[in-house]
Amino acid sequence: MTTRWLTPEEQRAWRAYVAGYLLLEDAIDRQLQQDAGMPHAYYSILANLSDAPDRRLRMTDLAERLKITRSRLTYAVSRLEKDGLVQREECRWDKRGSVAVLTDEGMAVLRDTAPGHVAAVRAALFDRLTPEQVGQLEEIFTQIARGFQGDGPGEATPPEDLPWRRRSSPCSGTQ
C-alpha cells in the first residue's frame, strides 16, 4: 500500500485546523472552568439535556449527540450526579438502559453560565469570521460528520467504530 501524503495545501490546512481547534477548545474550557467549575464536555451534557423533552435523554442517545463514547459519558454523568446537576433513572422502555435527567439545580447552573459561554464562543470564533465564513464552517463540518456517519459521499466509518457505539475494552469497565 502506498501512502497518499498530504499536499502542501492540505498540510497547511490540517495544521491550521489543529492549532485553531486546540486554541478554541482551551479558551472555551478556561471560561467554563472559571464560571462554572466544569469542562466544556460537562457543560455540553447539561446543554443537550436542557434541549431534550422533559430535560431527559437515554444515555446512548446523549452519547450519540455528543459524539463521545458511552464510557466517557458514564464517567462525566457520574461526576455531574455528585454535584446534583444530573440524575440517572432506569429506562422504562428498555431495562438495560438508563436515562440522564437534568435537575433543577443543573438547569440553574446552565442558565447562570450560558451568557458567559455564549460571549466566549462569540469572541473566540464567530467575531473572527465573516457571515460567509460562518456558512462555510457549518457546511464543511456537516460534510465531515456526515461522511463519518455514512450520510454523505466518501467512505463511512463502520458503525461499530463510531464513538457512541464502541464496546468498552475489557479493562475499562462496563457501559
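This report describes the fold, the nonpolar core and one buried polar residue of a predicted model.

## Basis

Residues are numbered from 1 along each chain as its sequence is written, and side-chain values use heavy atoms, without hydrogens and water. In this predicted model local features need pLDDT of at least 70 and side-chain atom pairs count only at pLDDT 80 or more, while totals for chains, interfaces and linings use all residues.

## Overall fold

The protein has six helices and three strands, taken as DSSP runs numbered from the N terminus (helices H or I, at least four residues; strands E, at least two). Their order from the N terminus is α-α-β-α-α-β-β-α-α.

Of the 175 residues, 26% are buried, meaning under 20% relative accessible area with a 1.4 Å probe, protein chains only. The exposed surface is about 12100 Å², with 53% supplied by carbon and sulfur atoms; areas come from the Shrake-Rupley method with a 1.4 Å probe. Among contacts (heavy atoms within 4.5 Å) with a separation of 6 or more, 50% join residues 24 or more positions apart.

## Nonpolar core

The largest nonpolar core (buried Ala, Val, Leu, Ile, Met, Phe, Trp, Tyr and Cys residues joined through side-chain atoms within 4.5 Å) has 28 residues. Those with the most contacts inside this core are I45, L46, L49, L62, L73, L80 and V86. Helix 2 gives the most to the core, five residues.

Leaving out residues up to four places away in sequence, L80 touches Y42, I45, L46, L85 and V86.

## N48

N48 lies in helix 2. N48 counts as buried because its relative accessibility is 19%. Beyond four places in sequence, N48 touches L57, L62, R65 and L66.

Methods. Buried means under 20% relative accessible area, exposed over 50%, partly exposed in between (1.4 Å probe, protein chains only).
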